[in-house]
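I wanted a quick tour of the sheets and one helix pair here. My notes follow the order in which I looked things up.

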Amino acid sequence: VVVCRDGCIKAVGQADVIRNQFSGATFERIIDCSGKCVLPGLVDAHTHPVWAGDRVHEFAMKLAGASYMEIHEAGGGIHFTVEHTRKATEEELFTTFKHRLERMRRAGSTLVECKSGYGLDLETELKMLRVIERAKKTMDIGISSTYCGAHSVPKGKTATEATDDIINNHLPKLKELKLSGEIQVNNIDVFCEKGVFDLESTRRILQAGKDIGLQINFHGDELHPMKSAELGAELGARAISHLEEVSDEGITAMARAKCAAVLLPTTAYMLRLKQPQARKMLEEGVIVALGSDFNPNAYCFSMPMVMHLACVNMKMSMNEALAAATINAAYALGKSDMHGSIEIGKQGDLVIINSSRWEHLIYQFGGHEALINYVIVKGKVIYQNEKCGTMSSY
């Protein structure tokens, strides 16, 4: 694989052919990958990485039998994180966010979708989006940013009041900041769920976001069947996440509309929910992508572990899981033209693993720290694991 100074892939092919083709060229760096595998950089299609105040105490509550909504109604869950995120400074949020992105990169992620959603008021949502924008400009990692102000109904408001506030105040401000170049948001998200935002409120917010040029990429059919998939297909959504409770009609509609299903095996695993119907979706022609759902409730940075869970718990093959964590995840973010595969003209985002078989990245559950030798973004080595040269990965 040859990557040019512009960060894009110039050539891909057999080693001897490439050597002859570039015999007169000089390279800033040559990496010998003999006995190793070169893969596309992994794409994490769903994360909530900007927040303050961990929820480790809630993990103990879950283990004792409390449901997600019981914790939510007791003032925990999203509202606990909102309270701490509102109090945190922009600098504090950026520092923790930066460390989280670095951990994602070390696990092979080179493009990550990053949501706001722990502010619920305009001031804090913008604070979170500024933090994401700063990382976009200063860190060697691809970011697709998502406004998720409809992540929960703020305390003291009804869902209708929250919807009106988002449409009348939040989105016009985002449009203004987008036009001035201060913040570039890519996607709009809503938590369409019983007791949160109903189907009609979700429709209104998503349509208003689409009207200002945002891609629709939202949470749907997670805890209750809401007909979110049907709504997303109707509105031309790029992707819908979760879908544990999706209907058969919703699956058919998503396949027809080429709306990606972003499945999150960590969530079903940690909340002990039924697994999304990955096999049925694949058989019906739905574009299936994967995400870590990294957040205080599902604390996982590693797409290799997500792929492993997808194979074991959702019955995906290793090939399907790799496609879901690369090209299909890039498609879910509207970025498959430049990300998700090793092709001429695409961005030079690569993961080199210390194994002659790529399947080890999925097979070894939690083994990526010894397996991943290099992570490369736009042709630049952004992580090198020195231990890989001296230790066996088996």
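These are my entries on a record span, two sheets and some helix packing.

**Entry 1: the model and its annotation.** I am working from a predicted model. I checked UniProt, where an unreviewed entry lists residues 38–381 as "domain: Amidohydrolase-related". I looked up the ends of that span: the C-alpha atoms there lie 13 Å apart. As for its make-up, I get 46% helix and 17% strand.

**Entry 2: the four-stranded sheet.** I traced the order as β3-β12-β13-β14, an open sheet with antiparallel pairing. Which strands stand at the edges? I find β3 (37–40) and β14 (380–384) there; each has a single partner strand, so one side of each lacks a neighbour in the sheet. I get an average turn of 25° between neighbouring strands of this sheet, ignoring direction. Then I went to the β3 edge, where β3 pairs with β12 (residues 350–353) in the antiparallel sense over 4 bridges. I picked out Cys-37, which has Ile-353 of β12 opposite.

**Entry 3: the eight-stranded sheet.** I read this one off as β4-β5-β6-β7-β8-β9-β10-β11, in numerical order, open and parallel. I looked at the ends again: β4 (42–44) and β11 (288–290) are the edge strands, and each has a single partner, so one side of each is left without a neighbour in the sheet. I note that neighbouring strands here are turned by 25° against each other on average, direction ignored.

Inside this sheet I followed β5 (residues 109–115) and β6 (residues 142–150), which pair in the parallel sense over 5 bridges. Lys-115 is the residue I find opposite Thr-146 in β6. Which helix packs on the sheet and touches β7, β8 and β9? I find α9 (residues 228–235) there, in touch with β7 (187–192), β8 (215–220) and β9 (239–242). I get about 175° between the direction of α9 and that of β8.

**Entry 4: α6 against α7.** For two packed helices I want the angle between the axes and the distance between them. I took α6 (residues 122–138) and α7 (residues 159–180): their axes come within 10 Å and cross at roughly 35°. I have the crossing down as right-handed. Which residues meet at this contact? From α6 I list Leu-122, Glu-125, Leu-126 and Leu-129; from α7 I list Asn-169, His-170, Lys-173, Leu-174 and Leu-177. I sorted the contact residues into 5 nonpolar, 2 polar and 2 charged.

Definitions and conventions
Residues numbered from 1 in each chain as written. Predicted model: local features only at pLDDT ≥ 70, side-chain atom pairs only at ≥ 80, totals over all residues. Heavy atoms only, no water. UniProt positions renumbered as here; feature names shortened; annotations may be inferred. Helix = DSSP H or I, 4+ residues; strand = E, 2+ residues; numbered from the N terminus. Axes fitted to C-alpha atoms, helices over the stretch in contact; angles between N-to-C directions. Left-handed = near helix turned anticlockwise from the far one by under 90°. Contact = heavy atoms within 4.5 Å. Nonpolar A, V, L, I, M, F, W, Y, C, P; charged D, E, K, R; others polar. Pairing = 2+ DSSP bridges.
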